[in-house]
Amino acid sequence: RKKLKYSRRALARSLGPEGFDALLQQPVLAIENAEALEGPFPLIVIGQGLYYESPVAFAALGEYLAGRGFVVATCPLVGTNSPFVRIDVQDLETQVRDLEVVSAQARGFSFVSPERLGVFGFDMGGMAGLILAMRNADVDAFVSVSSGILYPHPSSLPAASPHHDPLTLRAP
């Protein structure tokens, strides 16, 4: 509980205090510092979205994917110069770079396949995942949820990014 104290801010907006307490009571199969199984396993990188900034927000999804043979990695959604993200090109680029660092770090583990990378993104995390997939041909699969990709987002993101080029997107 003490390690998850910081998560109450982001999750409180989506779950509320009672929902968060109920979530903490649920059993999980994940174990901190568990011994790695022999791999290599494909990597899934998750991009967080607004109001779901904490990596804990997708803990159930991460555990589900990990239980089916994927290594799952993520990072908090933070702004370039602030803990709070702005919906602009600069902070979008910060999230893309954060996801690239997470991907590179995870790929350094012996149990992670260097050839199999999937990206999942929600909201601004989906926008960041799209830019990541557009400029990194090694992304094998991309999933976007509620990211303003098929319809214009009021912020003009992700199309305002200098790396936005639909012709470079190769991942299904």
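Which side chain makes a polar contact with the side chain of serine 147? I began my notes with this question, and the answer I found is the side chain of serine 144, at 2.8 Å. I should record at once that I am working from a predicted model.

**Entry 1: serine 147**

I placed serine 147 in the segment after S4, the strand that covers residues 141-145. Besides the contact with serine 144, I noted that the side chain of serine 147 reaches the backbone oxygen of aspartate 123 at 3.1 Å. I then looked up whether serine 147 is buried or exposed. Its relative accessible area is 3%, and because the cut-off for buried is under 20%, I wrote serine 147 down as buried. Setting aside neighbours within four places in sequence, I listed its contacts as Gly121, Phe122, Asp123, Gly126, Met127 and Pro158. Of these, I recognised Gly126 and Met127 from the list of buried residues in H5.

**Entry 2: leucine 150**

I stayed in the segment after S4 and looked up leucine 150, which also lies there. Leucine 150 has a relative accessible area of 84% and is exposed, whereas serine 147 is buried. I also noted that Ile149, Leu150 and Tyr151 form a nonpolar patch on the surface, and that together they have about 350 Å² of accessible area.

**Entry 3: helix H5**

How many of the twelve residues of H5 are buried? I found eleven, so I entered the helix as mostly covered. The buried ones are Met124, Gly125, Gly126, Met127, Ala128, Gly129, Leu130, Ile131, Leu132, Ala133 and Met134. For what covers them, I wrote down strand S1 (41-47), helix H4 (89-107), strand S3 (112-122) and strand S4 (141-145) as included. I checked the length as well: at 1.5 Å a residue, helix H5 (residues 124-135) should span 16 Å, and its end C-alpha atoms are 17 Å apart, which agrees.

**Entry 4: helix H4**

I made the corresponding check on H4, which has 19 residues and reaches 27 Å from its first C-alpha to its last, close to the 27 Å expected at 1.5 Å a residue. Its buried residues are Asp91, Leu92, Thr94, Gln95, Val96, Leu99, Glu100, Val102, Ser103, Ala106 and Arg107, a list in which I noticed charged side chains such as Glu100 and Arg107. The cover of these residues includes S1, strand S2 (71-74), S3 and H5.

**Entry 5: salt bridges around arginine 135**

Side chains of opposite charge can pair when their charged atoms come close. I counted six salt bridges in the structure, and I followed some of them in detail. Glutamate 93 forms one with arginine 135, with the closest N and O atoms 2.9 Å apart. Glutamate 93 lies in helix H4 and arginine 135 in helix H5, so this pair ties together parts that are 42 residues apart in sequence. I noted both partners as partly exposed, glutamate 93 at 24% relative accessibility and arginine 135 at 25%.

The side chain of arginine 135 also meets that of glutamate 100 in a salt bridge, at 3.0 Å from N to O. This pair again links distant parts of the chain, with glutamate 100 in helix H4 and arginine 135 in helix H5, 35 residues apart. I closed this point by noting that Glu93, Arg97, Glu100 and Arg135 are linked in a network of salt bridges.

**Entry 6: arginine 107 and aspartate 138**

Which residue forms a salt bridge with arginine 107? I found aspartate 138, with the closest N and O atoms 2.5 Å apart. Arginine 107 is in helix H4 and aspartate 138 in the loop between H5 and S4, and this pair links parts of the chain 31 residues apart. Aspartate 138 counts as partly exposed, at 35% relative accessibility, while Arg107 is among the buried residues of H4.

**Entry 7: the whole chain**

Last, I looked up the overall layout. I found five helices and four strands in the chain, and read along the sequence they follow the pattern α-α-β-α-β-α-β-α-β. Of the 172 residues, 38% count as buried. Among contacts with a separation of 6 or more, I noted that residues 24 or more positions apart account for 68%. The chain exposes about 10,200 Å², and carbon and sulfur atoms supply 60% of that area.

Notes
Residues are numbered from 1 along each chain as its sequence is written. This is a predicted model: local features need pLDDT of at least 70, side-chain atom pairs count only at pLDDT 80 or more; totals for chains, interfaces and linings use all residues. Side-chain values use heavy atoms; hydrogens and water are left out. Helices (H or I, at least four residues) and strands (E, at least two) are DSSP runs, numbered from the N terminus. The expected span of a helix is 1.5 Å times one less than its number of residues. Buried means under 20% relative accessible area, exposed over 50%, partly exposed in between (1.4 Å probe, protein chains only). Contact means heavy atoms within 4.5 Å. Patches are made of residues with over 30% relative accessible area and no salt bridge: like charges are joined within 9 Å, nonpolar side chains (Val, Leu, Ile, Met, Phe, Trp, Tyr) within 5 Å. Accessible areas come from the Shrake-Rupley method with a 1.4 Å probe; for residues, only the protein chains shown count as cover. A salt bridge is a side-chain nitrogen of Lys or Arg within 4 Å of a carboxyl oxygen of Asp or Glu. A polar contact is a pair of N or O atoms within 3.5 Å; within protein, one must be able to donate a hydrogen and the other to accept it, and residues adjacent in sequence count only if both atoms are side-chain atoms.
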